[in-house]
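Q: I am new to this structure. Could you show me how to read its features, one at a time?

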Amino acid sequence: MQRYLLRSLLGVIPTLFGISVLIFLIIHLIPGDPVSVMLGRVSDPTVVAAVKGEYGLDKPLVAQYATWLGHVVHLDLGYSISNGEPVAPQIAERIPRTLYLLLGGMLLALLVAVPTGILAAAKHNTWVDLGATALNLVLMSIPSFWFAIILMLILAVHYQVLPATGYVPPEAGLSDFFRHLVIPCVALGASEAGMIARLLRSTMLETLSQNFIVVARAKGVPKRRVLYRHALRNSVVPVVTVVAVEIGYLLGGSIIIEQVFGYPGMGLLLITSITARDYPVIQGTILVYALFFLAINLLTDLLYTILDPRIRYS
Amino acid sequence: MDIDTSSFTDTPRYSAIKSLLRALVANKKALLGAVMLLLLVVIGVLAPVLAPFDPNQTGVGPLLSKPTMAHLMGTDTYGRDTFSRLLFGARISLLVAFSVAIGSTAIGVFAGLITGYVGGVADYLLMRLVDVLFAFPWVLMTLSVATILGPGLETVIISLIIVYSPALARLARSSALSVREMQYVEAARAVGLGDFSIIVKHILPNCASPIVIQCTAIMGYSILAEAGISYLGLGTQPPTPSWGLSLSDGTDYMGIVPQLVVFPGLAIVYAVLSFNLLGDGLRDILDPRRRH
């Protein structure tokens, strides 16, 4: 298992390098001088010279990359052009808020998808299966931000049972905290639920046609036990892969959802910094998002070994 | 001299097309998806004829009015007819869908086939590039490109091509890897067939089916993505009648005129659902594992 993990970790290094190069190049790909891009309208020669010196912007590109990487490794992501504050603490403050949204969305998606997928597979070729398939296709076609707007319209504007916008930290009251998360998480998780349910149904149908299932049924194992203990357990590995990939999509979707709800997470920070052309914040936020996505993929690799012992020993 | 043309319609390619069409009509999902998509295309093409008003003309009706006989879906905050904007919005969505599908197929499949066939350093470098691009969720990539190029429809199309090319490259590469060692490829080389001809005549047909299926999915995702980015104000710019932009404009007034957010959203769902249905149906028809 250690070798498998080491291989996974080593495999990530070239990807990490590539991501860091791409993100570093964002500022340099923007038309214009990187210093003026970073500083905006500031033209004081002393400030310009200081920034050039600190970030090595007068050196060759490779040297600039090394300087930038050195700063990043020490968690120095530069200073915001908009407010002059360090970028790293601004992002760090918002990471938990975005995580609440992501975890809530995925949890709700799984709560809907797993029973739906199992039911559709168990009742294959019946009206239940047809209905579940149709529902999943429709859910997959709904834009999460539009679903969010509709839920906001019905639950917050019309019936006023839930708040429309904003965020309340958990320490200020768990009830308010959860109430502010309900609509965003439901909107975020809905299309994921459709995707995951569809996949689970498909993998379970494949597993249910395997010989060992036929043997289990022939031995008189109860149908429920066959479904949960044998079929579901063997169908879960490909679903875990997709869940990991879908977290990446959720990451992207959460950016738009945060904008819809004025939810003060990393996504809203990214959008406002793009609008304000605050490039150090843009770079820092995108870097954190990409690293987070890589970490999810690594964790998924680790989860495989737990779910499927054959991978551990291969 | 009379030429017997009956054999022309019995060529393998013509028979394959006929049997594909027959299978398409027999598969309910594919048929429904194709009909829905066809309707969408017709609406997009005939928008100038079907739309009662110029979609960008302001003041054609009262501001923020509810649906009436004159304005079937009401008007927006500038007095523009919502129904007309919805019809023209189909053009934007279809333009994005087809541009991204064609662009990502051209780049991804070409790169994947060549590097998968050649192997070595080129293949290694492509796969590392694909890994890096896969590490960027589509929104991040689109926002990064918008940061560099500025907002706009072209930015959305370019960024989505970058987002979806890696998946097609991987697909084409795996096909190239499996086919290049086959004996018939070796035989083709032995008789003097060039590498390019081998790739086009032997390897590309093997991955055509999964590519077609993937393309329909990409088209659906592209419409969702363009709507999302335009909603953020970084995609299609006003006054172009994009569905995402219409949603963004209507959000502030949804308490008064909810149809401003309901109809554009339903249009997006319709368009994406048609591609999803068609893709599902094509998967049933073309995937050999499902066929058997």
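Q: Which residues in α4(B) meet which residues in α9(B)?
A: Start from the fact that this is a predicted model. To read a helix pair, list the residues on each side that touch. From α4(B) come B:S93, B:V96, B:A97, B:F98, B:V100, B:A101, B:S104, B:T105, B:V109, B:L113 and B:Y117. They meet B:D195, B:I199, B:I203, B:L204, B:I211, B:C215, B:I218, B:M219, B:S222, B:I223 and B:E226 in α9(B). By class, this contact holds 16 nonpolar, four polar and two charged residues.

Q: What is the general idea behind the spacing of residues on a helix face?
A: An α-helix has 3.6 residues a turn, so residues three or four places apart point the same way. Now look at the case here. B:V96 and B:V100 are among the α4(B) residues that meet α9(B). On the other side, B:I199 and B:I203 are included.

Q: At what angle do helix α4 and helix α9 of chain B pack?
A: Compare the directions of the two axes. Helix α4 (residues 82–118) and helix α9 (residues 195–231) of chain B pack at about 145°. Their axes are 8 Å apart. The crossing of α4(B) past α9(B) is right-handed.

Q: What does B:I223 touch, leaving out residues up to four places away in sequence?
A: Follow one residue outward. B:I223 belongs to the α9(B) side of the helix contact. It touches B:S93, B:V96, B:A97, B:I268, B:A271 and B:V272.

Q: Which residues have the most contacts inside the largest nonpolar core?
A: Look for the residues that join many others. They are A:A148, A:I196, A:I257, A:A290, B:V100, B:I223 and B:I268, in a core of 153 residues. α9(B) gives the largest share, 17 residues. Domain 1 (2–73) and domain 2 (87–307) of chain A both contribute, so the core lies between them. The C-alpha centres of these two domains are 33 Å apart.

Q: Is B:S84 buried or exposed?
A: Count the C-beta atoms around it. A residue is buried if 20 or more others lie within 10 Å. B:S84 has 25, so it is buried. This residue lies in helix α4 of chain B. Beyond its neighbours within four places in sequence, B:S84 is in contact with B:A51, B:P52, B:F53, B:D54 and B:P55. Its C-alpha atom is 9.2 Å from that of B:L72, twelve residues apart along the chain.

Q: Why does helix α9 of chain A lie largely in the open?
A: Use the same kind of count on a whole helix. Helix α9 (residues 211–218) of chain A has eight residues, and the number buried is zero, so it lies largely in the open. Just after this helix, A:G220 takes a positive phi of about 90°.

Q: How many residues does each chain bring to the contact between them?
A: Count each side separately. Chain B brings 34 residues and chain A brings 36. On the chain B side, α5 (120–134), α6 (138–149), α9, α10 (243–251) and α11 (259–286) each supply at least two residues. That side divides into 25 nonpolar, seven polar and two charged residues.

Q: How many helices and strands does chain B have?
A: Finish with the overall view. Chain B has twelve helices and zero strands. Its C-alpha trace spans about 75 × 55 × 40 Å along the principal axes. Of its 292 residues, 49% are buried. Among contacts between residues at least 6 apart in sequence, 68% join residues at least 24 apart.

Notes
Residues are numbered from 1 along each chain as its sequence is written. Chains are lettered from A and ligands numbered from 1 in the order in which they are written. This is a predicted model: local features need pLDDT of at least 70, side-chain atom pairs count only at pLDDT 80 or more; totals for chains, interfaces and linings use all residues. A residue is buried if 20 or more other C-beta atoms lie within 10 Å of its own, exposed if 12 or fewer, and partly exposed in between; C-beta atoms are placed from the backbone. Helices (H or I, at least four residues) and strands (E, at least two) are DSSP runs, numbered from the N terminus. Axes are lines fitted to C-alpha atoms, for helices over the stretch in contact, and angles run from 0 to 180 degrees between N-to-C directions. A crossing is left-handed if the near helix is turned anticlockwise from the far one by less than a right angle, and right-handed if clockwise. Two residues are in contact if their C-beta atoms, placed from the backbone, lie within 7 Å. Ala, Val, Leu, Ile, Met, Phe, Trp, Tyr, Cys and Pro count as nonpolar, Asp, Glu, Lys and Arg as charged, and the others, Gly among them, as polar. Domain bounds come from an automatic or database domain assignment. A nonpolar core is a set of buried Ala, Val, Leu, Ile, Met, Phe, Trp, Tyr and Cys residues joined through C-beta atoms within 7 Å.
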